[in-house]
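Q: Could you take a close look at one part of this model for me? I'd like to hear about the side-chain contacts around a few helices, and then whatever else helps round out the picture.

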Amino acid sequence: MTLFIVVSGLLLVAVVAAVLYPLLRGSVASGGSAAKARELNLAVLREQRAELERDRAAGAIAGAAYDKAREELERRALEDVAEAAAPAAREAARRRPVVAGVVGLLVPAVVVPLYLYLGEPAAMGGAKPAAMAQNGGHSVDARQIAAMVDQLAAKLQDNPNDGDGWLMLARSYGAMGRFPESAAAYGRAVTLLPPDAQTLADFADTVAMAQGRTLQGEPEKIVRRALEVDPNNIKALALSGTIAFDRQNYQAAIGQWRKILALVPPDSGVATGIQGSIRDAENRMAVAMKTSATAAPAAAPAARGDSPAAPAAAVRGTVTLDPSLARSVAPGDTVFVFARAVDGPRIPLAMMKRTAADLPLQFSLDDSMAMAPNFRLSQARRVVVGARISKSGDAMPRTGDLEGLSAPVSPGAAGVKITINTKVK
């Protein structure tokens with residue numbers, strides 16, 4: 001028994017070492033893979049830039065929305081190029097031990113349960129199993145592992161109520177890329193085991209892979225079940241945001257993805273990826289809002305003899321310029337005064353345009369100044385009012401612009417005071 005354990009342990013260590021060596025040595029080959037990944041990313045970005053130009057030529061996007069989308073693509077391209085430098089090597093070196101640690105734990109965690117479930121533990125008492133006698137004691141190879149998975153599937157036909165066995169089979173099929181079989185096994189497992197958000201999220205992801213990489217339909221229902229079990233499950237939140245994004249419900253997607261940012265370290269890779277997805281959704285929402293505003297019919301004029309109704313939920317106040325910045329402002333510089341929701345997209349709910357020569361100025365923002373009919377000041381519970389001096393005349397903030405923001409206020413507030421005293425970085 002002791003000899004079997006020692007030999008098995010040595011074999012397991014050898015297998016794990018063979019897997020970990022490429023991860024830890026930081027070879028030139030890994031650099032080549034990273035370069036290929038960067039080339040693929042840049043190719044995708046070039047295609048997105050071409051699509052953006054086609055949308056512009058077709059009149060689907062223009063002005064500030066086009067500039068912001070273009071700048072976002074350029075920023076992402078620069079980030080990909082920058083990753084080829086030394087910082088990327090340091091980041092890769094930092095992540096390799098983490099991946100190695102996960103693999104080092106995962107291999108024994110998968111192999112040992114499979115052996116205990118399918119093997120012959122009694123052989124440790126001295127009896128030499130027939131299988132070992134037939135193969136001469138050689139270590140298990142990939143074909144034998146696949147055979148073990150098929151053996152597990154056969155065992156479950158005789159013991160169909162083994163929820164843990166079905167879950168093990170589902171994960172094994174998924175690792176082998178056999179997604180239809182994996183989805184079927186997950187379906188059996190979740191009916192037999194207590195509700196688990198992570199298992200349900202993995203189930204939804206697998207069903208999506210099995211039906212052509214789409215989360216619509218059954219995967220969406222499974223994601224909803226996962227969030228009912230645990231509203232803070234990161235994978236379920238990510239999938240839920242993707243479902244909303246695919247339906248062009250960008251505001252809902254942003255809401256789900258922002259929940260993830262509150263659950264992960266701000267400097268983590270997950271946070272960085274989610275922030276990029278949020279920026280993409282905000283850009284697409286800006287394009288959709290501009291298109292909607294352009295297509296919306298003009299409001300009907302008031303009937304003769306009727307006095308215009310007072311603007312609902314207006315926010316009123318005063319904008320002043322910090323005297324220390326007066327020399328850096330020209331009278332013809334553009335001033336934008338805007339309000340945006342405290343909780344929600346940063347897209348303005350109302351905006352007015354003046355010049356620096358008008359400072360100090362009185363402002364009143366209301367629903368008549370909305371950028372799109374479905375995003376109005378009166379619909380927000382709390383808003384921040386801001387004023388920005390733009391040298392370029394562009395409504396989108398740029399480095400070097402001057403800005404001031406109010407504390408959060410409710411629609412209908414009066415006497416709001418804003419001092420432009422900060423440079424945009």
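A: Here is a walk through the side-chain contacts, starting with the aromatic rings and moving on to the charged pairs. Keep in mind that this is a predicted model.

Let's begin with helices 8 and 9. Helix 8 covers residues 179-192 and carries Tyr-186, while helix 9 covers residues 197-210 and carries Phe-203. The two residues are 17 apart along the chain, and their pairing links distant parts of it. How do the rings of Tyr-186 and Phe-203 sit against each other? Their centres are 5.9 Å apart and their planes make an angle of 25°, so this is a stacked pair; the cut-off for stacking is under 30 degrees. Both residues are tucked away: Tyr-186 has 4% relative accessibility, so it counts as buried, and Phe-203 is buried as well, at 9%.

That pair is one of three aromatic pairs in the count. Another one is made by Phe-245 and Tyr-250, with ring centres 5.3 Å apart. Here the planes are at 65°, so the pair is edge-to-face. Phe-245 and Tyr-250 are both buried. Trp-257 joins in too, giving one aromatic cluster of Phe-245, Tyr-250 and Trp-257.

Now back to helix 9, but with charges in mind. Asp-205 forms a salt bridge with Lys-235, and the closest N and O atoms are 3.2 Å apart. Why does this one matter for linking parts of the chain? Asp-205 belongs to helix 9 and Lys-235 to helix 11, so the bridge ties together parts that are 30 residues apart in sequence. Unlike the stacked rings, these two partners are partly exposed: Lys-235 has a relative accessible area of 26%, and Asp-205 comes in at 28%.

Helix 11 runs over residues 234-246, and Ile-234 lies in it. Ile-234 counts as partly exposed because its relative accessibility is 35%, which falls between the 20% limit for buried and the 50% limit for exposed. On the surface, Ile-234 teams up with Leu-263 and Val-270 in a nonpolar patch, and together the three have about 220 Å² of accessible area.

What about the other charged pairs? The whole structure has ten salt bridges. One of them brings together the side chains of Arg-178 and Glu-181, at 3.5 Å from N to O. Arg-178 is partly exposed at 28% relative accessibility, and Glu-181 is partly exposed at 33%.

For a contrast in burial, have a look at the strands. Glu-403 and Arg-388 meet through their side chains in a salt bridge of 2.9 Å, N to O. Glu-403 sits in strand 6 (residues 402-405) and Arg-388 in strand 5 (residues 383-390), so the pair links distant parts of the chain, 15 residues apart. This time both partners are buried: Glu-403 has a relative accessible area of 18%, and Arg-388 has 4%. Returning to Arg-178 and Glu-181, those two belong to a network with Asp-150, in which salt bridges that share partners join the three residues.

Definitions and conventions:
Residues are numbered from 1 along each chain as its sequence is written. This is a predicted model: local features need pLDDT of at least 70, side-chain atom pairs count only at pLDDT 80 or more; totals for chains, interfaces and linings use all residues. Side-chain values use heavy atoms; hydrogens and water are left out. Patches are made of residues with over 30% relative accessible area and no salt bridge: like charges are joined within 9 Å, nonpolar side chains (Val, Leu, Ile, Met, Phe, Trp, Tyr) within 5 Å. Accessible areas come from the Shrake-Rupley method with a 1.4 Å probe; for residues, only the protein chains shown count as cover. A salt bridge is a side-chain nitrogen of Lys or Arg within 4 Å of a carboxyl oxygen of Asp or Glu. Helices (H or I, at least four residues) and strands (E, at least two) are DSSP runs, numbered from the N terminus. Buried means under 20% relative accessible area, exposed over 50%, partly exposed in between (1.4 Å probe, protein chains only). Rings of Phe, Tyr and Trp (its six-membered ring) pair if their centres lie within 6.5 Å; planes under 30 degrees apart count as stacked, over 60 as edge-to-face and the rest as tilted.
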